[in-house]
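Q: Could you take a close look with me at the places where the ligands sit? I am new to this, so please explain the terms as you go.

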Amino acid sequence: PKPKPGKLRRTLRWAWRLSYLSVAGLVGYTLYVIYDDRHPVPQFEPDPSKKTLVILGTGWGSVALLKKLDTENYNVVVVSPRNYFLFTPLLPSCTTGTIEHRSIMEPVRAILRHKRAAAKYYEADASSIDPDRKVIRIVDNSEIKGATSETEIPYDMLVIGVGAENATFGIPGVREHSCFLKEIGDAQQIRKKIMDCVETAAFKDQSQEEVDRLMHMVVVGGGPTGVEFAGELQDFFDEDIKKLVPEISPRFKVTLIEALPNVLPSFSKQLIDYTENTFREEKIDIKTKTVVKRVTDKTVEAEVSRPDGTKERVVIPYGLLVWATGNAVRPIVKDLMTRIPAQKDARRGLAVNEYLVVQGTRDIWAIGDCAVAGYAPTAQVASQEGNFLGRLFNNMAKTEDHEARIRELSSKMNIGSGNSAEAAAEIEKLEKQLRRIKDIKPFRYSHQGSLAYIGSEKAVADVSWWNGNLATGGSMTYLFWRSAYLSMCFSTRNRVLVILDWLKSKAFGRDVSRE
Ligand code: FAD
Ligand code: NAI
């Protein structure tokens, strides 16, 4: 008789077959999603008598709202100067070409096309909001302008999700000489400038002093943006520039300047120490308790607090300066704050109540970085707020529909037309549903954790675990970081492109050509 394979072998065979099935399933699902994306079902125009809901911005908050919203319930108008959603967590990777910028952009037209009812989109900046007349003014600031480039949009309901701008604290020279890291254009500018510094440093007969300056990359702000960028930059040099331009590589240096006593102040102590130690190993120079006071085209002037309490002024020459010192309020938000008396004490954005209604108004909501709801200005908060508003608005529309139907049935019963027992039963059912729909709890943020990439294929994570917190750092955390951000990417298209970019930069190195 033929010998039978052992139990282990049989189990492994089954596991192998199952893995085939799951890979086939994944491929099949991906193909289905791609097909579905390319063949959206026809849309219909919403009833013009419905309320006009204007949404400002196409960032984390507004797009989460759009995703959740049943657009057939409102006449939805989206206004934003950016006709795409940007997946900001992977933006630092675009500065060095680890990821190409288009891989983390999702066109708003594609997002809106997949809604059941059509919504309008205008590529424009909202320049002012008049809460008394209930209109917003919009301006087309793009290069090509038509005969009309400025107009007004009336609203019944308004959601403000315009995010924040870069904080400079009025420090002289920052706007003129540094790069920010908030938008795609910023990442492209940094990518070009890094290579410009490298090529200029490699120029014939360049003085040693000038090579040192050009190869000195200074990052101001030790928050997650500054830390992630510094890590990406060091990787770029270690993995690519060193091989391609070896003659200047020993002079390359990254310095991270932070005003507080440590970097990543929002992470746990253990992860702060881990990050600082990893940076030391990577040869990234961290200058804490150092406040930048002035910036010129070639130097940064900072005040260092010494351990004995004295302060010293230092001048640091740089080739590239990246400014990442957090958020400031946008002009449109500041302007609205001055128009609403209840906002007179608000400083860091629009004060909102627990349903995200802008205090002092009835029909304006604010979400994300421009709202002050007691949470940190993060993508996680903004998307949960957008999601909450989506549910709230869907419920508000359902409430109105149910109430209208109840009124209709009651009046039929009063005039004695139709079957009154049937109508009474339907009213009872609708009232029961209404009680459930109306029982919307106030917004509560659920923190899933914080993640940051710190270079050399290491990441740190402060994640919520059961009822506690898990702080971890290292290469396994880096794999977790990658898979978490991959799963959070907006679309399958984004996910596929990001994976291809990672593979491409690993296999062929980052592209150092300067466009
Ligand atoms: P945004 O996403 O900034 O969107 C604002 C939108 O409003 C944009 O579409 C903009 O074009 C539009 N807009 C601006 N002005 C106007 C106007 N006048 N009229 C109409 N529209 C306007 N958070 C995390 O939780 N995890 C991370 O890993 C993370 N990584 C980050 C990495 C970087 C490099 C940066 C810069 C931020 C990161 N954040 C992260 C923070 C996160 O990106 C923000 O908190 C989030 O983008 C806020 O969402 P928002 O919708 O309020 O604003
Ligand atoms: P931030 O506000 O978190 O950090 C800015 C840092 O700059 C602060 O530590 C501050 O002390 C320092 N600073 C300010 N002025 C200075 C000066 N003159 N000289 C030297 N240092 C100065 O800003 P960041 O990193 O841009 O983040 C903004 C928001 O986005 C935060 O809420 C952050 O949590 C979130 N974010 C989250 C990420 C993640 O979770 N991986 C990544 C990037 C941003």
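A: What follows starts with ligand 1, goes on to ligand 2, and ends with helices linked to each site.

This is a predicted model, in which local features need pLDDT of at least 70 and side-chain atom pairs count only at pLDDT 80 or more, while totals for chains, interfaces and linings use all residues. Residues are numbered from 1 along each chain as its sequence is written, chains are lettered from A and ligands numbered from 1 in the order in which they are written, and side-chain values use heavy atoms, leaving out hydrogens and water.

Let's begin with ligand 1. It is surrounded by 29 residues, where a residue is near a molecule if one of its heavy atoms lies within 4 Å of it. The closest of them are Gly61, Thr88, Ala126, Asp369 and Tyr485. By class, this shell holds 13 nonpolar, 12 polar and four charged residues. In this grouping, Ala, Val, Leu, Ile, Met, Phe, Trp, Tyr, Cys and Pro are nonpolar, Asp, Glu, Lys and Arg are charged, and the others, Gly among them, are polar.

Now for the polar contacts, each a pair of N or O atoms within 3.5 Å; within protein, one must be able to donate a hydrogen and the other to accept it, and residues adjacent in sequence count only if both atoms are side-chain atoms. Serine 80 brings a polar side-chain atom to 3.3 Å from an oxygen atom of ligand 1. Glycine 161 uses a backbone N or O atom instead, 3.4 Å from an oxygen of this ligand. For aspartate 369, a polar backbone atom is 2.8 Å from a ligand 1 oxygen. On its own, ligand 1 has 990 Å² of accessible area, and the protein covers 90% of that (areas come from the Shrake-Rupley method with a 1.4 Å probe; for residues, only the protein chains shown count as cover). Two or more shell residues come from each of α2 (60–68), β2 (75–80), β6 (125–130) and α11 (379–414). Here helices (H or I, at least four residues) and strands (E, at least two) are DSSP runs, numbered from the N terminus. The largest share, three residues, comes from α11.

Ligand 2 has 24 residues around it, and Thr225, Glu258, Val292, Pro377 and Leu451 come nearest. This shell has 14 nonpolar, eight polar and two charged residues. Threonine 225 has a side-chain N or O atom 3.0 Å from an oxygen of ligand 2, while proline 224 has a polar backbone atom 3.3 Å from a ligand 2 oxygen. Taken alone, ligand 2 exposes 840 Å², of which the protein buries 77%. The elements giving two or more residues to its shell are α8 (224–244) and β14 (290–295).

Finally, back to the helices. α11 packs with α12 (residues 420–438) at about 160 degrees, their axes 10 Å apart; axes are lines fitted to C-alpha atoms, for helices over the stretch in contact, and angles run from 0 to 180 degrees between N-to-C directions. α11 and α12 are therefore roughly antiparallel, given that angles under 35 degrees count as roughly parallel, over 145 as roughly antiparallel, 65 to 115 as roughly perpendicular and the rest as oblique. α8 packs with α6 (residues 184–201) at about 45 degrees, with axes 13 Å apart, so this pair is oblique.
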